[in-house]
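Here is a short briefing to read alongside the model. Have the sequence and the 3D view open as you go.

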Number of protein chains: 2
Amino acid sequence: MAETGRTDRYHHGDLRQTLMNNCLKMIEEKGVSGFTLREVARISGVSPAAPYHHFKSKTELLAAVAVMGFEMLNEAQRKIYEQYDDPVLRLSALGKSYVMFAVNHKIYFHVMFRADSEVLWKNRQVMNVANQALSYLENTIRELFPKTAADDDSHFRATVLTCWSKAHGLASLWVDGPLKSVESGKLDLNKLVDLIFSRSVLH
Amino acid sequence: MAETGRTDRYHHGDLRQTLMNNCLKMIEEKGVSGFTLREVARISGVSPAAPYHHFKSKTELLAAVAVMGFEMLNEAQRKIYEQYDDPVLRLSALGKSYVMFAVNHKIYFHVMFRADSEVLWKNRQVMNVANQALSYLENTIRELFPKTAADDDSHFRATVLTCWSKAHGLASLWVDGPLKSVESGKLDLNKLVDLIFSRSVLH
DNA sequence: CAACCAATCTTAACATTGTCAAGATGCATC
DNA sequence: GATGCATCTTGACAATGTTAAGATTGGTTG
């Protein structure tokens, strides 16, 4: 890999952002497990210890990238949310948007849901921003299942999860490998997503 | 961790199996990313280089565990397949079984779909055994969408993927963390799975 | 029974990694 | 111009994945 991001000799300027960018670059080339703090530092033109002034550990760098990814996802979901009025249309559009985000930002999706998840989901910032992403889906479905006073909302929750599961499952299978090898490349993702989310999504 | 599996002084007997067992034990305690070849060797009462006579690399140990997991999943799916005659009932039972496998064998599921997937899915044995797991689902859905001669089976494929996605998505969200923190522990998984797979699964 | 052989295990070493402590450097502020 | 704080470096540490070369074993063959 080429050296990137070096500006001065000593001080850097925006090392934090540079590290995150080169982290993504490296994961793209070598995979999540091939990602190395030392090499990211090397590529950023900085000593192995430098990143520790911006991130507490290797995992926290990944967490920061994950947060960035969730913010992008949230932004996409928000746009969809505001674009549609009809809850049903909105719901399928949200699902499509979710899958498309995963496909168009594989590396982010990897880091968000794959890399070291046991540790990742203990990070509060990650949890908060992930919760926000979920809220768009919840609000949309809430309109379809208005909460009655003494109703336990298990039906509501189940619907939220069904929708989330379909989107997340398809995204995971597509991005994480199985689908690529198992179902080969014959499938048109666009058509597929349409089919999955167009037909009575609620059931 | 305690020392386990040591029998003789030099020769071991079934080191291969011992390594796989202790690998699972270690992942259970320290997570996938905390898993270490050297410590697995240590726990198994063997030198750091010994595992290399049974697995080409650390990743191939994980691949072997993944294969074992898929075989267990296949076995479970096969039983369900033979237990039900009606394709619709069979379908929802297969989905339920898939999720239940993930929940009851979290560590296997982790290794099968999480750990180092970029590398894992290049292993042929993994691909084959994963394909077999998929076949139960495909055969069941095929009965519901009989193949007409010149029909492109995009509808069939989409249905397969919808079902797989729902099951895999729910399993992933449940096992991998997000659901635990985001939706808290208020949900009864059994009820949930019933709800998701009982209502017109095909749509 | 003895000699051999292939499988299995060990010891020793290598480069690399994540991380930390101590010190150097530069920017801003008084 | 001196001071203080954030930022970066150097140097070190233990741990890891992996390999090469040699020791040990049990089974097979003469």
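Which residues are the closest to DNA strand C? They are A:Leu37, A:Ala49, B:His12, B:Ser47 and B:Ala49, and 21 residues surround the strand (near means a C-beta atom, placed from the backbone, within 6 Å). This is a predicted model, where local features need pLDDT of at least 70, side-chain atom pairs count only at pLDDT 80 or more, and totals for chains, interfaces and linings use all residues. Residues are numbered from 1 along each chain as its sequence is written, while chains are lettered from A and ligands numbered from 1 in the order in which they are written.

**Surface near the DNA**
- Helix 2 of chain A (residues 37–43) gives the most to the surface near DNA strand C, with three residues.
- That surface holds eleven nonpolar, seven polar and three charged residues.

**Domains of chain A**
- Domain 1 covers 15–53 and domain 2 covers 59–198, with bounds from an automatic or database domain assignment.
- Their centres, taken over C-alpha atoms, are 27 Å apart.
- Eight residues of domain 1 are in contact with nine of domain 2 (C-beta atoms, placed from the backbone, within 7 Å).
- On the domain 1 side of this contact there are seven nonpolar residues, no polar ones and one charged.

**Helix 7 of chain B**
- The 21 residues of this helix (124–144) should span 30 Å at 1.5 Å a residue, and the end C-alpha atoms are 30 Å apart, which agrees.
- A kink of about 30° is centred on B:Leu134 (the angle between axes fitted to the seven residues ending there and the seven starting there).

Notes. Helix = DSSP H or I, 4+ residues; strand = E, 2+ residues; numbered from the N terminus. Nonpolar A, V, L, I, M, F, W, Y, C, P; charged D, E, K, R; others polar. Contact = placed C-beta atoms within 7 Å. Expected span 1.5 Å × (residues − 1).
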